[in-house]
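Colleague: Before I use this model at the bench, I want to know what its labels rest on. Can we go through them?

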Amino acid sequence: SLSLEGLAPTVDTVIEPTLTGRKLVVPPRSLAMAVRGVVKNAQDASTAGVSLHARATSEAVELVVRDRGEGMNAQTVAMSMAAVMRRFPARLRRRRA
């Protein structure tokens with residue numbers, strides 16, 4: 001189970017019934033760290049709370065985190081995504097080794 005313990009109590013969490021009985025095969029610690037990081041960043045950006053919504057589609061599980069902050073400009077979004085893409089494959093390579 002994913003713990004949001006230690007984060008501010010302003011995270012509204014919705015887990016849709018479509019996830020009931022589904023098994024997600026991922027490194028649990030990595031998933032928990034990633035979700036906690038995104039939620040923490042959203043809390044840092046928002047003064048009005050954060051929501052986490054989880055649902056299953058036919059091919060994937062979607063986790064949507066929303067905050068009510070000012071948002072990021074296009075350059076900041078691009079830099080953030082580039083940093084994630086640089087780190088994620090390296091972590092996968094280390095895990096497989």
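Colleague: Why is Leu63 called partly exposed?

Modeller: Its relative accessibility is 39%. Buried means under 20% relative accessible area and exposed means over 50%, with partly exposed in between (1.4 Å probe, protein chains only). At 39%, Leu63 therefore counts as partly exposed.

Colleague: What kind of model is this, and how are residues numbered?

Modeller: This is a predicted model, where local features need pLDDT of at least 70, side-chain atom pairs count only at pLDDT 80 or more, and totals for chains, interfaces and linings use all residues. Residues are numbered from 1 along each chain as its sequence is written, and side-chain values use heavy atoms, leaving out hydrogens and water.

Colleague: Which strand holds Leu63?

Modeller: Leu63 lies in strand E3, residues 61–67. Helices (H or I, at least four residues) and strands (E, at least two) are DSSP runs, numbered from the N terminus. The protein has two helices and three strands, in the order β-α-β-β-α.

Colleague: Which residues make the nonpolar surface patch with Leu63?

Modeller: Leu24, Val26, Leu31 and Val61 join Leu63 in a patch of about 360 Å². Patch residues have over 30% relative accessible area and no salt bridge (a side-chain nitrogen of Lys or Arg within 4 Å of a carboxyl oxygen of Asp or Glu). Nonpolar side chains are joined within 5 Å. Areas come from the Shrake-Rupley method with a 1.4 Å probe.

Colleague: How do you know that E2 and E3 pair?

Modeller: Two strands pair if DSSP finds at least two bridges between them. Seven bridges join E2 to E3, so they pair, and they run antiparallel. Arg55, for one, has Glu62 in E3 as its bridge partner. The two strands form a hairpin with four residues between them.

Colleague: How many bridges join E1 to E2?

Modeller: Five, and these strands run parallel. E1 covers residues 11–15. Asp12 stands opposite Ser51 in E2.

Colleague: What makes E2 mostly covered?

Modeller: Five of its seven residues are buried. Across the 97 residues of the protein, 16% count as buried.

Colleague: What makes a set of residues a nonpolar core?

Modeller: They must be buried Ala, Val, Leu, Ile, Met, Phe, Trp, Tyr or Cys, joined through side-chain atoms within 4.5 Å. The largest such core here has six residues: Val11, Val35, Val39, Ala42, Val50 and Leu52. Helix H1 (28–45) and strand E2 (50–56) each give two or more. The largest share, three residues, comes from H1.

Methods:
Patches are made of residues with over 30% relative accessible area and no salt bridge: like charges are joined within 9 Å, nonpolar side chains (Val, Leu, Ile, Met, Phe, Trp, Tyr) within 5 Å.
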